[in-house]
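Please walk me through this structure, beginning with its cysteine links and moving on to its rings and its nonpolar core.

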Amino acid sequence: MLIGELAERAGVSTRTLRFYEQQGLITARRAPNGYRQYDESDLRLVAQIRSLLAAGFTLEDTRPFVDCLRSGHATGDACPEPVAVYRRKLAEIDAEIATLVRRRADVAAQLARACPGCTVPQEATDDHRDQRDLRRAGPERPGPRPGRLLGRLVPAVQDDRADP
């Protein structure tokens, strides 16, 4: 398929595909007329890259996943290197959560000093104060509770995924 068709099928621009090619993440074959040609495996690579970028990974983080797919594995995370990237990313996210929890506590303390009678609503309290994995095996968690998003009440959603 030509670059325009791959771009359309993958939901990206042709410029994005050229950038991925420049970064060595995808490789175009050249037709005799010089046009870039791609196949279904390139569509899988682009889909994997886009999925990881959407989850907060950097473009460089995607490289081990792409290499794993290129080596013939059914998924981009079937190799040890992508698993290491997942672990590193989880550690980064945990550190960000810890930082946000500290910031929140600081702001709550400032609010308490500025407005002694003010309280932080229960819905807005920290659910991650234990500083451990957010999803862990152990005793049954309480059922879902409503929360707030951008100041609006959001209905509770049942999490039916199995704990790792």
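Counting bonded cysteines along the chain, the disulfides of the protein chain follow the pattern 1-2, 3-4, where a disulfide is a pair of cysteine sulfur atoms within 2.5 Å. This is a predicted model, in which local features need pLDDT of at least 70 and side-chain atom pairs count only at pLDDT 80 or more, while totals for chains, interfaces and linings use all residues. Residues are numbered from 1 along each chain as its sequence is written, and side-chain values use heavy atoms, with hydrogens and water left out.

Two disulfides are found by this rule. One of them joins cysteine 68 to cysteine 79, with an S to S distance of 2.2 Å, and with 85° about the S-S bond this link is right-handed. Because cysteine 68 lies in helix α4 and cysteine 79 in the loop between α4 and α5, the pair ties together parts that are eleven residues apart in sequence; helices here are DSSP runs (H or I, at least four residues), numbered from the N terminus. Both cysteine 68 and cysteine 79 are buried, a term that means under 20% relative accessible area, with exposed meaning over 50% and partly exposed in between (1.4 Å probe, protein chains only).

The other disulfide is formed by cysteine 115 and cysteine 118, whose sulfur atoms are 1.7 Å apart. The torsion about their S-S bond is about 60°, so this disulfide is right-handed. Cysteine 115 counts as partly exposed at 24% relative accessibility, and cysteine 118 is partly exposed as well, with a relative accessible area of 34%.

Helix α4 also leads to the aromatic rings. Rings of Phe, Tyr and Trp (its six-membered ring) pair if their centres lie within 6.5 Å, and planes under 30 degrees apart count as stacked, over 60 as edge-to-face and the rest as tilted; by this rule there are three aromatic pairs. Among them is the edge-to-face pair of phenylalanine 57 and phenylalanine 65, at 6.1 Å centre to centre and with 70° between the planes. Phenylalanine 65 also forms an edge-to-face pair with tyrosine 86, at 5.1 Å centre to centre and again with 70° between the planes. This second pair links distant parts of the chain, since phenylalanine 65 is in helix α4 (residues 59-70) and tyrosine 86 in helix α5 (residues 80-114), 21 residues apart. Ring pairs thus link Phe57, Phe65 and Tyr86 into a cluster.

How buried or exposed are these rings? Phenylalanine 65 counts as buried at 0% relative accessibility and phenylalanine 57 as buried at 10%, whereas tyrosine 86 counts as partly exposed at 30%. Lysine 89 lies over the face of phenylalanine 57, at 5.7 Å from the ring centre; a charge sits over a ring if NZ of Lys or CZ of Arg is within 6 Å of the ring centre and within 35 degrees of the ring normal.

The nonpolar core remains. Such a core is a set of buried Ala, Val, Leu, Ile, Met, Phe, Trp, Tyr and Cys residues joined through side-chain atoms within 4.5 Å. The largest has 17 residues, and those with the most contacts inside it are Leu17, Tyr20, Leu25, Ile26, Tyr38, Val46 and Ile49. Helices α1 (3-10), α2 (14-22), α3 (40-54) and α4 each supply at least two residues of this core, and α3 gives the most, with four residues.
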